[in-house]
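Biologist: Please take one part of this model and look closely at it. I would like to know what surrounds a single buried residue, and how the rest of the interior compares as a setting.

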Amino acid sequence: MVDRKDNKNSLPTLAEILAQQDPMRMQALMSMLALANTESHALLLDVLTGSGPLGTVTNGDPMGVGEAFRAVGHGFARNPAALMKANMELMQGWMELWQEMALEGMTGAATQKRDKRFSDPEWQRNPGFKFMRKAYDLNANWLMGLADHVRDDIPDNIHVRAKFFSQQLADSLAPTNHLGSNPQALRTFLETGGESILAGIRMAREDVRKGGGKLYITQTDETPFSLGDNIATAPGQVVFRNDLIELIQYSPPGEETYSRPLLIFPPWINKFYILDLREENSMIRWLLDKGLSVFVVSWRSADEVTRDHTWDDYVQNGIYAAVEATLQATGQKGLNAVGYCIGGTLLSSALGHMALHGDDRIKSATFFASQSDFSLAGDLKVFTDDNGRAYIDSIIEEHGGIMPGSMMYETFNWLRPIDLVWRYVIDQYMLGKPPRPFDLLYWNADQTNIPGEVHRKYLKDCYADNKLAQGQFEVLGDVVDLKQVDIPVMVQASRDDHICPMESVYRTAKVYGGKTQFILAASGHIAGVVNHPDANKYCHWTNNAVLPETGAEWLEGAEEHAGSWWPTWWAWLRPKSGRKGAAKQPKDMGLGAAPGRYARVRLEDIKLG
């Protein structure tokens, strides 16, 4: 027997499956299919009218989608030549499509680009599905390129918004998202006698129930996971706690450690344990094995206690408090610091304040996928213009001054809707597959709430006004200038990062006043950062020359290396870590063991009002 997993072309065609059905069964299946197709369209509508970006269009359009599309239309009205060019491109594309179909019909040659959504063999061997896929590609590319035709006739923020929502619309209209035009879903429906779609409908209804009336897609089976038992298992102690953070000191496995500790500031949008997900890919364990004394901040999810916290509170009670507690725990006068994503942005602002006041306790800084220059910050800038911030302000007000983690979760999912939204709509609701256990997706769903004022300042001062890079950002009453930060800095970016784009992070590497080294990893925002050397995955690039103007220029002169970027970082960090001495085990301060209390709090444990 041929294993279908190994040879997809061995799958029977839809025509073959239909031919095997007896008339009575076929009639029953067709009746069920009609009902299932109706349910499929209703489900699609639920997804599109939910709390994702496209859902805002049917809820008063606070994101200004209509305004953006109207601006593109007005741009074409003012520029008839651009309209003619766009229409000619579409007409030419259709002519080429018919020629391709005719040529493939005669020769059997296939010319379609790779797209995992269309991996089912029916998209290649069935002329109807093949044409449907080609027509979708043509129309989607044309739709997504419309705003570019009038790029000089519309404001930058409107262009970004139009491009983003054109992409969202094009992704939602993919034929794979509809039961009636998804051959894999149709085949499964026929083979299971309709049970697949019934199972999918049950899962969709359960997700609506869990979402309190809104569709909240379950991406993974969370039941096998338990913090401290099979994820986040690196041994350590909480050695400091205040209302905002817990500071975890991890137990060194050897008898000696380097004298200068390493203090890590993760983002507060997610939990810190992405750095300690499993023993085999734990960055924390890897750093401990290198002989470092490792400390990690665990942020408190915003609640009644911290809802009114500000950026200054995060600097004072987060950065400064953790630095002081780490030095007290180790008896050292200085440490090396790491900032990941927004944790790195906060660290940069604190370093600017420390430089202004002659505070040199942080001896070097490493930034993982972090931005301090937001001029090229990518799709998230859609949420930071006037319309976007007004919409987010309304959400914060609705939830009592807190930006709910559930909304952040959906926002990040919709930045990659093919992988993080539509994939699960298809697999679970159309194919009837139950969600599988996956630790990374468990972590991804373990979101945290954010104090509204912190989120507002981040979006306005950083994303919208780029004050941190321009020396206009205020911290604890002082305006800070990152050019005064002259400690050694390493900035890591990931080539396919959709949250902190490579060029944006590269610009961040140029804002500091000291010697800065830039390193580029393959993959994205998570896998590009958390890539254990033992996995032998991906690659990274280095270039020791003076940083050129753009990341593209840097990459042209860069050297590619196989595998993880961690060993290259360690070669940079090790000389800055002091001499080795007797290892100090963390003291039991009566605050509990790692991963601590704050990491265990789930969104459902916090009531917002």
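Modeller: A residue is called buried when its relative accessible area is under 20%, exposed when the value is over 50%, and partly exposed in between, using a 1.4 Å probe and protein chains only. The model is predicted, so local features need pLDDT of at least 70 and side-chain atom pairs count only at pLDDT 80 or more, while totals for chains, interfaces and linings use all residues. Residues are numbered from 1 along each chain as its sequence is written, and side-chain values use heavy atoms, with hydrogens and water left out.

The part to look at is C462. C462 counts as buried because its relative accessibility is 0%. This cysteine sits in helix α17; helices (H or I, at least four residues) and strands (E, at least two) are DSSP runs, numbered from the N terminus. Helix α17 covers residues 452–464. Leaving out residues up to four places away in sequence, C462 touches T345, F374, K457 and F473, where contact means heavy atoms within 4.5 Å. The C-alpha atoms of C462 and N387 are separated by 16 Å, and the two residues are 75 apart along the chain.

After α17 the chain runs into a loop that leads to strand β10 (473–475), and N466 is in that loop. N466 has a phi near 55°, which is positive although the residue is not glycine. Because its relative accessible area is 10%, N466 is buried.

H309 also has contacts in this region. H309 lies in the loop between β5 (294–299) and helix α11. Leaving out residues up to four places away in sequence, H309 touches L244, Y314, N317, P451, E453 and V454. H309 counts as buried because its relative accessibility is 12%. The C-alpha atoms of H309 and V489 are 29 Å apart, with their positions 180 residues apart along the chain.

Other cysteines can be set beside C462. A disulfide is a pair of cysteine sulfur atoms within 2.5 Å. The structure holds zero of them. C500 takes part in no disulfide, and the nearest cysteine sulfur to its own, that of C341, is 4.3 Å away. C500 is buried because its relative accessibility is 2%. For C539 the closest cysteine sulfur is that of C500, and the 20 Å between them is too far for a bond. C539 is nevertheless buried, because its relative accessible area is 14%.

Next comes the wider interior. In soluble globular proteins, nonpolar side chains tend to be buried together. A nonpolar core here is a set of buried Ala, Val, Leu, Ile, Met, Phe, Trp, Tyr and Cys residues joined through side-chain atoms within 4.5 Å. The largest such core has 127 residues, and Y250, F265, W268, F518 and W569 have the most contacts inside it. Helix α11 (residues 311–330) gives the most to this core, with 10 residues. Apart from it lies another core of 33 residues, among them L33, W123, L179 and L215.

F518 gives one local view of the largest core. Not counting neighbours within four places in sequence, F518 is in contact with V491, A493, M502, V505, Y506, A509, L547 and W554. Q517 lies in strand β13, which covers residues 516–521. Q517 is partly exposed, because its relative accessible area is 22%. Leaving aside neighbours within four places, Q517 is in contact with V489, M490, V491, N544 and W572. V491 therefore appears in the contact lists of both F518 and Q517. From Q517 to M502 the C-alpha distance is 14 Å, and the two are 15 residues apart in sequence.

Strand β13 is followed by a loop that runs to β14 (539–542), and Y538 is in this loop. Like N466, Y538 has a positive phi without being a glycine, with a value of about 60°. Y538 counts as partly exposed because its relative accessibility is 36%.

One more backbone detail belongs to the segment after β16 (580–582), where P595 is placed. The peptide bond from A594 to P595 is cis, with omega near 10°.
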